[in-house]
Amino acid sequence: ALGHDVSIITACPLPEDGSLEPRMTVENGLRVHRFFPLNFFFYGELGQHAPIARLFWHLRDVGNGQSAGMVERILRIERPEIVHTHNLKGIGYGIPAVLKKLRIRHAHTLHDVQLA
């Protein structure tokens with residue numbers, strides 16, 4: 001982040017108050033936007049659910065328009081020159097389409113076969 005204005009968008013478990021609104025905090029000089037991608041449960045809880053529940057979770061995750069819309073809303077505020085994504089599972093595969101729509105350069109680090 002040296003010499004750059006960096007912000008982070010990440011998913012989080014559903015807050016206790018049930019709000020789906022993103023929350024921004026500043027941590028170590030970085031703006032961190034957290035929100036719950038409207039799904040059956042949080043990605044980090046996936047292993048705690050039955051296979052059939054995970055199947056429906058994955059189907060919902062692929063087409064999660066709420067998540068893509070939330071990311072778009074945050075990006076319109078932040079106005080980045082480039083977005084660097086990592087695993088899209090849990091936050092939404094619609095993000096690349098949002099970046100294309102907003103004409104924001106996109107770099108993605110591929111860690112596994114998630115996008116294959």
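**Results: a residue in a loop and the fold around it**

Leaving out residues up to four places away in sequence, N39 touches W57, R60, D61 and N64, where contact means heavy atoms within 4.5 Å. The model is a predicted one, in which local features need pLDDT of at least 70 and side-chain atom pairs count only at pLDDT 80 or more, while totals for chains, interfaces and linings use all residues. Residues are numbered from 1 along each chain as its sequence is written, and side-chain values use heavy atoms, with hydrogens and water left out.

N39 sits in the loop between β3 (30-35) and α1 (51-62). With a relative accessible area of 11%, N39 is buried; here buried means under 20% relative accessible area, exposed means over 50%, and partly exposed covers what is in between (1.4 Å probe, protein chains only).

It helps to step back to the whole chain. Three helices and five strands make up its list of elements, and their order along the sequence is β-β-β-α-α-β-α-β. The chain is as compact as a globular protein of that length, because its radius of gyration is 15 Å, close to the 13 Å that the globule rule gives for 116 residues. Helices (H or I, at least four residues) and strands (E, at least two) are DSSP runs numbered from the N terminus. The radius of gyration is taken over C-alpha atoms, and the globule rule is 2.2 Å times the number of residues to the power 0.38.

The C-alpha trace spans about 45 × 35 × 25 Å along its principal axes. Of the 116 residues, 29% count as buried. Among contacts in the chain with a separation of 6 or more, 57% come from residues 24 or more positions apart. The exposed area of the chain is about 7,600 Å², and carbon and sulfur atoms supply 58% of it; such areas come from the Shrake-Rupley method with a 1.4 Å probe, and for residues only the protein chains shown count as cover.

Now for the interior. The largest nonpolar core has 13 residues, and F35, V71, L75, V83, I95, L99 and I104 touch the most other members. Helices α2 (65-78) and α3 (95-102) each supply at least two residues of this core, and α2 gives the most, with five residues. A nonpolar core is a set of buried Ala, Val, Leu, Ile, Met, Phe, Trp, Tyr and Cys residues joined through side-chain atoms within 4.5 Å. Apart from neighbours within four places in sequence, I95 is in contact with V71, T85 and L88.

Helix α2 is also home to S67, which counts as buried at 0% relative accessibility. Not counting residues up to four places away in sequence, S67 touches F35, P37, I91 and G92.

F35 turns up again beside P22, a residue of the loop between β1 (7-11) and β2 (23-27). Beyond its neighbours within four places in sequence, P22 is in contact with R34, F35, M70, R73 and I74. P22 is partly exposed, with a relative accessible area of 23%. The C-alpha atoms of P22 and R34 are 5.4 Å apart in space, although these residues are twelve apart in sequence.

The loop between β1 and β2 also holds G18, which is partly exposed at 38% relative accessibility. From the C-alpha atom of G18 to that of I95, 77 residues apart along the chain, the separation is 23 Å.
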